[in-house]
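Welcome! Here is a short briefing to help you find your way around a structure that is new to you. Take a look at the sequence and the model first.

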Amino acid sequence: MELRKRRRGTTRSTQDEEEEEEEEEGGSGSGSQAPWWSWQWTVATVTGLATAGLLALTQACCVNTLHENLLWFQQLTVAPHNPSNNLQQPQIEHHQTEVEREISFRTECGLYYSYYKQMLNAPSIKEGLSELIHDNLTESKRTINLLQRMNIYQEVLLSILYRLLPIQSYLEPMYFYIYSVFSLQAVYVMALYLTAWLLGGSWMAGVLAAIWYILNRVDTTRVEFTISLRENWSLPFLALQVAAITCYLRPQLGASQQKVMVWLMYVCSLCFCVTWQFNQFIFLVQAFVIYTLDCVDMLTAAQVNTLYLVQASALLSVWLLQFFNAMILGSLVLSFIVAALLVRHFHHSLKTGSFVARVSRLIIHSTAVLLLTFAINFLAKKALRLRSDEHIFKFIKSKFAWGPTRDFDANLYLCEEAFGALPLDTLERLSATLVLGPYALTLTLMGGALALAALRNLRTKGGGAERKAEGPVVASFRPDVAYNLLHTLFYGLLAFSTMRMKYIWTGHMCAVAAYGVCGGDVWAMLLHALRCNAKVLLKLVRYAAPVAVVAFLYYKFWPKMVEELSDLREFYDPDTVELMTWISTKTPESAVLAGSMQLLAGVKLCTGRVITNHPHYEDEELRDRTKQVYQVYARRSPRAVHAILQELGADYVVLENSICYERRHLRGCRLRDLLDLANGHIMDGEGDNDADLVAAAHPRFCDAVKTDSPEYAALFKRTFQNKTFHVYRVRKKAKKNS
């Protein structure tokens, strides 16, 4: 480690000189020579922070306007909010206009929002929490702890705040919820702004990052139509954590400043983990980044230990908050952190010896870490009897393995576009806004410099002349830049493999691209290659380039953005409104409904009825339930379907024409095809079938039940229908034929 310090201290590079100038402008280069009380620093910092706040507010207002334009919420007038009624007794009847608003919370979004509504309708906070801890509405014939199973602490917190704050007379609960989520978008933009500012050394980098994030809204967020989705709560905190890590890894940071950054990293990591069930997989990728930087000696031992412990502390804190959720203890990331720290502790000679010896030890070290990780994880899952996340590993195995699979859960993910590969039109859109070009150039040049710096660190012998030949950027490669480069690279690979994960990558891409345009490192390398090392030219290019990019973006995209913000639409789904109104008024409050998990989430929100299954898929028994309920879309006998529904306690089953006669997916990916494959039956339509598949003995239930033939009418009675939905009451006993 002393060798690294000498290397950093002996080279007075062009980069260091530029960073002195950046500090004079309120920048954040690796040096901090300008006193914090200088008027230049103060003016630049205040200007930068004010601009950050303005851009953050712009993003929040934009997504709010787009959401309003899409759903026309303000035109749906509901009855005046009465706090005493809402907070002391459950709502029994729902106004149709309120239902029209609530059905906009599609799929799992409706499920999460229903718990916010449930907390508000509870007589008190204490009773509301008790209902969540002992819930028997979300899964029929089961009592579950929702705070343990689901990441809904944000709904609990917002419901408590709404009760306590004096806003009930003029702000509806739904708007308080929506505005809270949109406010997090402002936090997201602020975090990206600060990250780019810290990397690029100028607040102009933050401006460019924020503008790129706003203009690439289609690829950076989907918050305006999936408000309560867990990632919309968690990703702003992940961006804040990355900003805190970037600041923590800056050279010459004081001890007290490091402590503040460590606490900030922990708080952001905790908020990220507690708001998203996929936290362990995102943290696993981040742990790989830290491990890679440790292996190539880009971070000190103290920094590596601190970053690992921050992750572990956040996960263990969530484990406590979620009532000792076994899924966290059995996560791969915790096993990896323990394995990495153990092997590192006992393998003292990893960073000594010649280049060949170090590379050999590194291979052995990495192999030992991976083997120990899988061993610890296997033993932990065996001890905890954990199978909650089994479907995710089935999906990963099926996605990257050769040949098809018949596993229902794996196919359910594989056939969804969001879990497929990143479409190429995403790159086309990013290129049109000029973010992809600078990003690719920055990643290529700085990634190459990082590779050279890593090789230099692996070589124990290297004099000052050799470092000078490598160039100033390589000779003193900043650890904060190294972290962000690997962060964007690893999450970029994740995004290319799974489209849903692109929202983690594209936001950070804007910050990295802005660093490339506004920072001195990339320009210094380009000018160094062209033998043009004039300081004046470097400064001119650094400030002219972002101004030119912003001017181009304003000229090309401002009219389109104004047009988009003024485009009024209307969300119209009368069939679903009719269904929810019928359920609320024509079924008993204790009625249990079965159906697709996406629809049942809305049923729970709009009607408060008990449901058999739901979209929060991280539970083995729930996955089995869902597969059983979905047999209504398979080729099963009426008695078999009736037995399944009775076992789950269902009083009514809702059939959807859009599933029974699905055309959205190709053959082999329709829900009825997945069920046929899982049941060993030949699929519908023209096409090949595996040789071992057999013809089903019964017609498809969802279609045959509509004929009201005696064998079906004896077990199911149609009670509601419209163009989209058919509802059947499940008879408790078979009706005798006359």
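The notes below cover a sheet, the disulfides and two cysteines outside them. Please keep in mind that this is a predicted model. It holds two disulfides, and it has an open sheet of five strands.

**The sheet**
- Reading across the sheet, the strand order is E2-E1-E3-E5-E4, and the pairing is mixed.
- Strand E2 (610-611) and strand E4 (716-721) are the edge strands, each pairing on one side only.
- Helix H33, residues 638-647, packs on this sheet and touches E1, E3, E4 and strand E5 (725-730). The direction of H33 makes about 75° with that of E4.
- Strands E1 (residues 592-594) and E3 (residues 652-656) run parallel and are joined by two bridges. If you would like a spot to look at, Ala-594 has Val-653 in E3 as its bridge partner.

**The disulfide of Cys-415 and Cys-669**
- The sulfur atoms of Cys-415 and Cys-669 are 2.1 Å apart and form a disulfide. This link is left-handed, with -75° about the S-S bond.
- Cys-415 sits in the loop between helix H21 (408-414) and helix H22 (424-432), while Cys-669 sits in the loop between helix H34 (657-660) and helix H35 (671-679), so the bond ties together parts that are 254 residues apart in sequence.
- Cys-415 is buried, at 12% relative accessible area, whereas Cys-669 is partly exposed, at 25%.

**The disulfide of Cys-660 and Cys-702**
- Cys-660 is joined to Cys-702 by a disulfide, with 2.0 Å from S to S. Here the link is right-handed, with 80° about the S-S bond.
- This pair ties together parts that are 42 residues apart in sequence, because Cys-660 lies in helix H34 and Cys-702 in helix H36 (residues 701-704).
- Cys-660 is buried, with a relative accessible area of 4%, and Cys-702 is buried too, at 0%.
- With the bonded cysteines of the protein numbered in sequence order, the pairing reads 1-3, 2-4.

**Two cysteines without a disulfide**
- Why does Cys-61 not bond with Cys-62? The closest cysteine sulfur to that of Cys-61 is in Cys-62, but it is 7.2 Å away, which is too far for a bond. A disulfide needs the two sulfur atoms within 2.5 Å.
- Cys-62 is likewise in no disulfide.
- Cys-61 is partly exposed, at 42% relative accessibility, while Cys-62 is buried, at 8%.

Note on methods:
Residues numbered from 1 in each chain as written. Predicted model: local features only at pLDDT ≥ 70, side-chain atom pairs only at ≥ 80, totals over all residues. Heavy atoms only, no water. Pairing = 2+ DSSP bridges. Helix = DSSP H or I, 4+ residues; strand = E, 2+ residues; numbered from the N terminus. Contact = heavy atoms within 4.5 Å. Axes fitted to C-alpha atoms, helices over the stretch in contact; angles between N-to-C directions. Buried < 20%, exposed > 50% of the residue type's maximum accessible area, 1.4 Å probe, protein only.
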